[in-house]
Amino acid sequence: MTAQGDEHRLVKAAQALAETFDRDAAKVEREGISRARLDVVAKQGLIAPSAPLEFGGAAAPLDVARRITELLAGACGTTWFVVTQHRSALDAVLTTQ
């Protein structure tokens, strides 16, 4: 069974990263996350996929963002946590007037 949105290019990118991140998740949890790992997530457009284009996002539908979150969290909790911190800060900026 596939989740809704699995054909979206960002979900496919998240699936590929999840396979890689799953392999060294325990090491990242022990030793910490590298800037290079975050750069890979950012280059794939996965830090803030639902953010508007003018703010560096991909304006992806919310179901796509949820699927990306599910994939990253399932593969590496540490990576998911740090990405979520970045995303939360952006969400605060976008909703503050």
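**Exercise 1. Find the side-chain partner of Asp-6 and work out whether Asp-6 is buried or exposed.**

Solution. Start with the pair itself: in this predicted model, the side chains of Asp-6 and Arg-67 are joined by a polar contact of 2.7 Å. Next, place Asp-6 along the chain: Asp-6 sits in the segment before α1. Then look around it. Leaving out residues up to four places away in sequence, Asp-6 touches Val-11, Lys-12, Gln-15 and Arg-67. Last, check the accessibility. Buried means under 20% relative accessible area, and Asp-6 has 8%, so Asp-6 counts as buried.

**Exercise 2. Check whether the length of helix α1 agrees with its number of residues.**

Solution. Helix α1 covers residues 9–23, which makes 15 residues. The expected span is 1.5 Å times one less than the number of residues, so α1 should span 21 Å. Now compare that with the model: the end C-alpha atoms of α1 are 22 Å apart, which agrees.

**Exercise 3. List the buried residues of α1 and say which helices they pack against.**

Solution. First, pick out the buried residues of α1: Leu-10, Val-11, Ala-13, Ala-14, Leu-17, Ala-18 and Phe-21. To read that list, remember the helix geometry: with 3.6 residues a turn, residues three or four places apart in an α-helix point the same way. Now see what lies against them. The buried residues of α1 pack against α2 (25–31), α3 (35–43), α4 (62–75) and α5 (77–95).

**Exercise 4. Describe the largest nonpolar core and find the helix that gives the most to it.**

Solution. Begin with the size: the largest nonpolar core has 22 residues. Inside this core, the residues with the most contacts are Leu-10, Phe-21, Val-41, Leu-46, Val-64 and Ile-68. Next, ask where the core residues come from: α1, α2, α3, α4 and α5 are the elements that give two or more residues. The top giver is α1, with seven residues.

Now zoom in on Leu-46. Setting aside neighbours within four places in sequence, Leu-46 is in contact with Leu-10, Ala-13, Ala-14, Leu-17, Val-41, Ile-68, Val-83 and Arg-87.

**Exercise 5. Sort Arg-66 and Gly-45 into buried, partly exposed or exposed.**

Solution. Take Arg-66, which lies in helix α4. Exposed means over 50% relative accessible area; Arg-66 has 55%, so Arg-66 is exposed. Its C-alpha atom is separated by 9.7 Å from that of Pro-49, 17 residues apart along the chain.

Move on to Gly-45, in the loop between α3 and α4. Gly-45 has a relative accessible area of 27%, so Gly-45 is partly exposed. The C-alpha atoms of Gly-45 and Ala-26 are 24 Å from each other, and these residues are 19 apart along the chain.

**Exercise 6. Step back and check whether the radius of gyration of the protein chain agrees with that of a compact globule.**

Solution. Count the elements: the protein chain has five helices and zero strands. Now the check: for 97 residues, a compact globule would have a radius of gyration near 13 Å, and the protein chain has 13 Å, which agrees. Its C-alpha atoms fill a box of roughly 40 × 35 × 20 Å along the principal axes.

Then turn to burial and contacts. Of the 97 residues, 33% count as buried. Among contacts between residues at least 6 apart in sequence, 67% join residues at least 24 apart. Finish with the surface: the accessible area is about 6,100 Å², and 55% of it belongs to carbon and sulfur atoms.

Terms used: Residues are numbered from 1 along each chain as its sequence is written. This is a predicted model: local features need pLDDT of at least 70, side-chain atom pairs count only at pLDDT 80 or more; totals for chains, interfaces and linings use all residues. Side-chain values use heavy atoms; hydrogens and water are left out. Helices (H or I, at least four residues) and strands (E, at least two) are DSSP runs, numbered from the N terminus. Buried means under 20% relative accessible area, exposed over 50%, partly exposed in between (1.4 Å probe, protein chains only). Contact means heavy atoms within 4.5 Å. A nonpolar core is a set of buried Ala, Val, Leu, Ile, Met, Phe, Trp, Tyr and Cys residues joined through side-chain atoms within 4.5 Å. The radius of gyration is taken over C-alpha atoms; the globule rule is 2.2 Å times the number of residues to the power 0.38. Accessible areas come from the Shrake-Rupley method with a 1.4 Å probe; for residues, only the protein chains shown count as cover. A polar contact is a pair of N or O atoms within 3.5 Å; within protein, one must be able to donate a hydrogen and the other to accept it, and residues adjacent in sequence count only if both atoms are side-chain atoms.
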